[in-house]
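Student: I'd like a close look at a single part of this model. Could you walk me through it step by step?

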Amino acid sequence: MNPLLTSELTSRRNFKNAKLLIVEDNPDHGFIISKAMQERLPEVKPVWAKTKEEALCYLNQCEQEEWESPKLVLLDLYLPNRHDGWYVLEKIRAMPDALGKVPVVLLSHSNDRNDIAEAYERGCSSYLVKPIKYDDWLEYFQTLRVYWWETVTLPKVNVALF
C-alpha cells in the first residue's frame with residue numbers, strides 16, 4: 001500500500017471522535033495548552049480535568065457509560081504533588097480494555113532523571129518537560145499531531161450505545 005495513503009488513513013482513523021484528556025491543575029498552563037491546541041489540533045476535542053479526582057471520575061464514566069475514550073492523555077505529573085500524578089497513571093494502567101492502554105504523556109517542569117526514569121517504569125508512553133515559551137508549545141503540539149494522530153495507530157475507542 002502507498003505510504004502516503006496509509007498515513008492519511010491513520011490520520012483519519014485517529015481524528016475520528018478524537019478526545020484528548022488533559023489533566024492540568026495550573027490555570028496558566030491550561031490556558032497556554034488550550035490556545036496551542038486550538039492552533040495545532042483543532043479537530044481534537046479537549047476534555048479538561050484539574051484534579052486527580054476529576055480525571056479518574058471522567059475515565060470511570062467512560063468505562064461505565066460506554067462513552068468514547070480519549071485517544072490520548074496529557075497528564076501533569078505534579079497535581080499539585082508528584083504522588084498525585086503517579087496515582088492517576090497507576091489507576092489508568094489498571095483500567096480494563098482500551099482505557100488501560102490509552103497512551104499517557106506525562107508533562108512536568110521537572111527534568112530530573114529519576115522522575116523521567118520512574119515515569120517510564122510506571123507505564124507512561126512519553127515524558128515531556130514543559131516548554132517555557134508559547135512558540136515551543138506550538139512546536140510541541142505540531143509534533144504531537146504528526147506523531148500521535150498522523151503516524152501511530154491508536155487503540156480503538158469505546159463508542160456510546162444509543
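Student: How many bridges join strand S3 to S4, and do the two run parallel or antiparallel?

Tutor: Happy to take you through S4 and its surroundings, keeping in mind that this is a predicted model. Strand S3, residues 72-76, is joined to S4 by four bridges, and the two strands run parallel. One pairing to look for is aspartate 76, whose bridge partner in S4 is leucine 107.

Now follow leucine 107 to the next strand: its bridge partner in S5 is leucine 128. S5 spans residues 126-129, and four bridges join S4 to S5, again in a parallel arrangement. Between these strands, the chain passes through helix H6, residues 113-121, and S4, H6 and S5 make a right-handed β-α-β unit.

Next, the side chains of S4. In a regular strand, side chains alternate between the two faces of the sheet. Here Val104, Leu106 and Ser108 point one way, while Val105 and Leu107 point the other way, and all are buried. S4, residues 104-108, is thus mostly covered, with five of its five residues buried, which means under 20% relative accessible area for each.

For a look at helix packing, turn to H2 (residues 27-40) and H7 (residues 134-150): their axes come within 9 Å and cross at roughly 50°. That angle makes H2 oblique to H7. The crossing of H2 and H7 is right-handed. Among the residues making the contact are Ile32, Ile33 and Met37 of H2, together with Trp137, Leu138 and Phe141 of H7.

Terms used: Residues are numbered from 1 along each chain as its sequence is written. This is a predicted model: local features need pLDDT of at least 70, side-chain atom pairs count only at pLDDT 80 or more; totals for chains, interfaces and linings use all residues. Side-chain values use heavy atoms; hydrogens and water are left out. Buried means under 20% relative accessible area, exposed over 50%, partly exposed in between (1.4 Å probe, protein chains only). Two strands pair if DSSP finds at least two bridges between them. A crossover is right-handed if, with the strands pointing away from the viewer, the path from the first strand over the helix to the second runs clockwise. Axes are lines fitted to C-alpha atoms, for helices over the stretch in contact, and angles run from 0 to 180 degrees between N-to-C directions. Angles under 35 degrees count as roughly parallel, over 145 as roughly antiparallel, 65 to 115 as roughly perpendicular and the rest as oblique. A crossing is left-handed if the near helix is turned anticlockwise from the far one by less than a right angle, and right-handed if clockwise. Contact means heavy atoms within 4.5 Å.
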